[in-house]
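Visitor: Could you take me through this structure slowly, and explain the terms as we meet them?

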Amino acid sequence: MIVYDAVRHRMDIGDPVHEGGEGWICPVTGQPAKLAKIYKFQKQAGRETKLRWMVANAPNDPGRSIGHASIAWPETLL
């Protein structure tokens with residue numbers, strides 16, 4: 001599947017590796033350390049606002065400096 005991020009960069013995502021109540025988790029082609037969450041439902045009150053806040057307010061992840069992310073956190077919207 002082809003999706004675009006918030007600044008219109010193309011991202012190719014593979015088949016889901018997990019499905020949960022909200023949606024699917026898919027690998028990002030060519031970026032093995034990244035995953036994409038695709039929501040099952042188009043709109044949910046407050047979701048986009050929450051995600052935009054999360055992107056703008058990422059917590060410090062001390063493991064990232066040594067190449068090991070210790071938390072999963074959104075970096076951009078698709």
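**Reading the model**

Guide: The buried residues of helix α1 pack against strand β5, where contact means heavy atoms within 4.5 Å, and helices (H or I, at least four residues) and strands (E, at least two) are DSSP runs numbered from the N terminus. This is a predicted model, in which local features need pLDDT of at least 70 and side-chain atom pairs count only at pLDDT 80 or more, while totals for chains, interfaces and linings use all residues. Residues are numbered from 1 along each chain as its sequence is written, and side-chain values use heavy atoms, with hydrogens and water left out.

Visitor: What makes R47, L51 and M54 lie on the same side of α1?

Guide: In α1, residues 47-56, these three are buried, a word that means under 20% relative accessible area, with exposed over 50% and partly exposed in between (1.4 Å probe, protein chains only). They cover an arc of only 60° around the axis, which is why they fall on the same side of α1; the arc is that of the directions from the helix axis to the C-beta atoms. The face turned away from that buried side carries the exposed residues T49, W53 and A56.

Visitor: Why is I13 called buried?

Guide: I13 has a relative accessible area of 4%, and because the limit is under 20%, I13 counts as buried. I13 is found in the loop between β2 (10-12) and β3 (18-19), and its contacts beyond four places in sequence include M1, V3, C26 and I38. I13 also belongs to the largest nonpolar core, together with V3, M11, C26, V28, A36 and I38, such a core being a set of buried Ala, Val, Leu, Ile, Met, Phe, Trp, Tyr and Cys residues joined through side-chain atoms within 4.5 Å.

Visitor: Why are β3 and β5 said to stand at the edges?

Guide: The open sheet of three strands has the order β3-β4-β5, with antiparallel pairing. β3 and β5 (35-39) each have a single partner strand, so one side of each is left without a neighbour in the sheet.

Visitor: How do you know that β4 and β5 pair?

Guide: Two strands pair if DSSP finds at least two bridges between them, and because β4 (residues 23-27) and β5 share five bridges in the antiparallel sense, they meet that condition. P27 stands opposite L35 in β5.
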